[in-house]
Amino acid sequence: QVQLEESGGGSVQAGGTLRLSCTASGDLRSSVYVGWFRQAPGKEREGVAFISTQSAVTWYGNSVKGRFTITLDNAKSTLYLQISNLKPEDTAVYYCAADEGKPLKFNLFNSKNYKYWGQGTQVTVSS
């Protein structure tokens, strides 16, 4: 069982930068893929960035490529999401997620793959 806890959200102006952190209670290498989702009011949860715990290969959603960077510190069991050039449309609750170490049944960006979730951290971007 892995417990995840996000931190680092806040209110920033457009063009600003934030770094979100997700600390795990266990070893994230027990998962194959870990990543970040976000959910804006009235919208579905959206996968934005993922990383392989084994190879550190990363994947990004089209809406965030070039502005979001996901990294993983296995020694600290901590996942990061650096967000630069923030836009008002980035406003959402951001969640970290980890799979249970089994082959994925769905596309990497599908939330159904992920068993473990944090409680979320709010990011609000003003124009």
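This passage describes a four-stranded sheet and a disulfide in a predicted model. Residues are numbered from 1 along each chain as its sequence is written. Local features need pLDDT of at least 70, side-chain atom pairs count only at pLDDT 80 or more, totals for chains, interfaces and linings use all residues, and side-chain values use heavy atoms, with hydrogens and water left out.

An open sheet is formed by four strands (DSSP runs of E, at least two residues, numbered from the N terminus). The order of these strands is β1-β3-β8-β7, and their pairing is antiparallel; two strands pair if DSSP finds at least two bridges between them. At the edges lie β1 (4-7) and β7 (68-73), each of which pairs on one side only. From one strand to the next, the twist averages 15°, where axes are lines fitted to C-alpha atoms and angles run from 0 to 180 degrees between N-to-C directions. Strand β1 pairs with β3 (residues 18-24) in the antiparallel sense over four bridges. Within this pairing, Leu4 has Ala24 of β3 as its bridge partner.

The structure holds one disulfide, defined as a pair of cysteine sulfur atoms within 2.5 Å. Cys22 is joined to Cys96 by this bond, with an S to S distance of 2.0 Å. The link is right-handed, with 60° about the S-S bond. Distant parts of the chain are thereby linked: Cys22 belongs to strand β3 and Cys96 to strand β9 (residues 92-98), 74 residues apart. Cys22 is buried, with a relative accessible area of 2%, and Cys96 is likewise buried, at 0%. Buried here means under 20% relative accessible area (1.4 Å probe, protein chains only).

Notes. Buried means under 20% relative accessible area, exposed over 50%, partly exposed in between (1.4 Å probe, protein chains only).
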